[in-house]
Amino acid sequence: MSYKMLIYFAFFASIVFILYQIFPKKYKYLVLLLFSYLFYFFSNSYLSIFLILTTISIYLIALWINKVNQEFKTKKEGLDKEAKKELKKQINKKKKKILVLGIIFNLSFLIVLKYLNFILGSFGSLANLCGIDLHIKVLPLLMPLGISFYTLQALSYIIDVYRGKYEAETNFFKIALFLGFYPALIEGPISRYDELGKDITEPHEFSYENMCHGLQLIIWGLIKKIVMADRMNIIVSAVFDNYQDYSGLVIIFAVIVYTFQIYTEFSGIIDIVSGILEMYGIRPTKNFERPLFSRNVNEFWRKWHISLGAWLRDYVFYSISLSKPITAFSKRLHGKVSKFFEGFLPVAISLFFVWFANGLWHGASFKYIFYGLYYYIIMMIGQITHELIVQKTKKELDNKYIKAFQIVRTFILVNIGMLIFRADTLTIAFRMIGQFFQSGTLNLVKADVIDIYDLSLIFISIIVVLIVDLIQEKGIKIREFIDKKPIYIRYAIYIIGILVIIIFGAYGDGYVPVDPIYGQF
Amino acid sequence: MEELLEILNELKPTVDWENEEDLVKRGLLTSMEIVRLVVEINDNFDVELTPIDVVPENFYSVKTILALIEKLENE
């Protein structure tokens, strides 16, 4: 995304905001829908058809499920308990068929556009191993913007209606806005219809306080993206692209910087999206909660890309772990293994699918599948060792030294995960890990990776991000703190924020515009 | 109540179940433990908890878990 594009985007977002305020209550959400679709058509052209097909399909599927529910309500009148139970069973079967149809229809777009080349390629490699040359060509498939994000939202909507969490929406345009809301199509977050979906379609009155709060978050998001993340990219791309030329210390340093790059970039863009929503008075879906202070990888994933983790938990993990085969398996284990393994094994099976899906969601390659399973293995080892420790000590270990050790350990594990994530292939990731121990200098300036100006700004950025996170971790709300200051201090803060972006932004000569990392998913 | 406390104590003996009011937010009940708890509840009570019942609000405290069981028993 070039910075010219960013200025266009800011201009576009401002126009939409002003028009939203002018339009009568009843039509406010239609302004958002119209401009969201304009934005989508301009950035996707004919690929927009996939978003439209998904929208129409889930709208109809949910209404169909609703109709079946109504049928149950009418037919159950006057029936005895047993007959009611039997009718419910039949109705559930019917509903399940409709749901499966909806899931297959929508997943098929994602599978074809995102995974088909990978599936065919893997098939070709397998055939090659068996001595058959299949000559499989890479298909020129283009992915529509945000397909991985809006497909998950679409599935959550029909599954929620199926589960009876809420009724199907009868207004088609509201569903269209829920899936197509323009800022969320870049990097999410993955929202739910009963939360963000309902909120964006309700009319919101203009509020000066909301506008200021939103703008503050947007400025902070822009600082994280343009000043911090894009500058960190200089070191990261130089080292990851030519890792053979660098010492172990330089590689380790670049990996740590990458962790901060992806954190500041992803959370920065989410802050911009959340800021836009807050300007309207809409409550954004949370996606980050200071993940770098996590004590274990489970906690890290509860605080990093929260909306993806929550989606996988609610729609994959619970669906599998509470399914009949898994609960039956759990019962069969009763008395045959220890109490711990009785609970652990069914969960471990379910979590395998969660982490496999997590890896695959990030990209169509073995590297991403390995990335997901890397966390799965760590979590499983963590569960078992935790149980062994509790069994031995009869209590949870908890003091400040253990906490510090756990945070550092988790940070190291997360960094290795980020290395796998960023490296071009899995083989390169392993080679880079192998090169950790290669001696040599850490002098990046001397090695001509970066100049002292950019390097200093990267150090300052990392310190600022950590301080802001620490302040928030202590429960201090920075924006409420700013609110209490006199108007001239508040405006001075805004002006300084904007000047920081203009003066220290990593744009112009010598800097490469960096596309949103999660945008490609 | 007693039966539920017995299940919970067996699941995680280190937690003061009766006095904790925010089991989910404080990380005392992870999603993995919730699954183990649901299987136990389904086995020991005349209910069948499904994914739709597994929302944080139902697992804030012993009281909310018990309220969920009672609600399902009366359905």
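Let's start with something you won't find here: in this predicted model, the count of residue pairs in polar contact between chain A and chain B is zero, taking pairs with both residues at pLDDT 80 or more. So what does sit at the interface, given that a salt bridge is a side-chain nitrogen of Lys or Arg within 4 Å of a carboxyl oxygen of Asp or Glu? The rule finds one salt bridge across the interface of chain A and chain B. To see it, look for A:Lys331 and B:Asp43, whose side chains meet with 3.6 Å from N to O.

Now zoom out to the helices. On the side of chain A that touches chain B, at least two residues each come from α11 (297-303), α12 (306-321), α13 (324-333) and α14 (339-362) of chain A. The biggest giver to that side is α14(A), with seven residues. Sort the residues on this side of chain A by type and you get 10 charged, eight polar and seven nonpolar.

How many residues are in contact overall? Chain A brings 25 residues and chain B brings 17. Between them, the two chains bury about 1800 Å², with 70% of that on carbon and sulfur atoms. Three residues are worth picking out: A:Arg163, A:Tyr318 and A:Leu322 supply 30% of the area that chain A buries against chain B, more than any other three residues.

Finally, a word on confidence. Chain A has an average pLDDT of 90, and 98% of the residues score at least 70. Among the elements of chain A, helix α6 (residues 172-180) has the highest mean pLDDT, at 96, while α13(A) has the lowest, at 86.

Note on methods. Residues numbered from 1 in each chain as written. Chains lettered and ligands numbered in written order. Heavy atoms only, no water. Contact = heavy atoms within 4.5 Å. Buried area = accessible area lost by both parts, 1.4 Å probe. Polar contact = N/O pair within 3.5 Å; in protein donor to acceptor, adjacent residues only side chain to side chain. Helix = DSSP H or I, 4+ residues; strand = E, 2+ residues; numbered from the N terminus. Nonpolar A, V, L, I, M, F, W, Y, C, P; charged D, E, K, R; others polar. pLDDT = per-residue confidence, 0-100.
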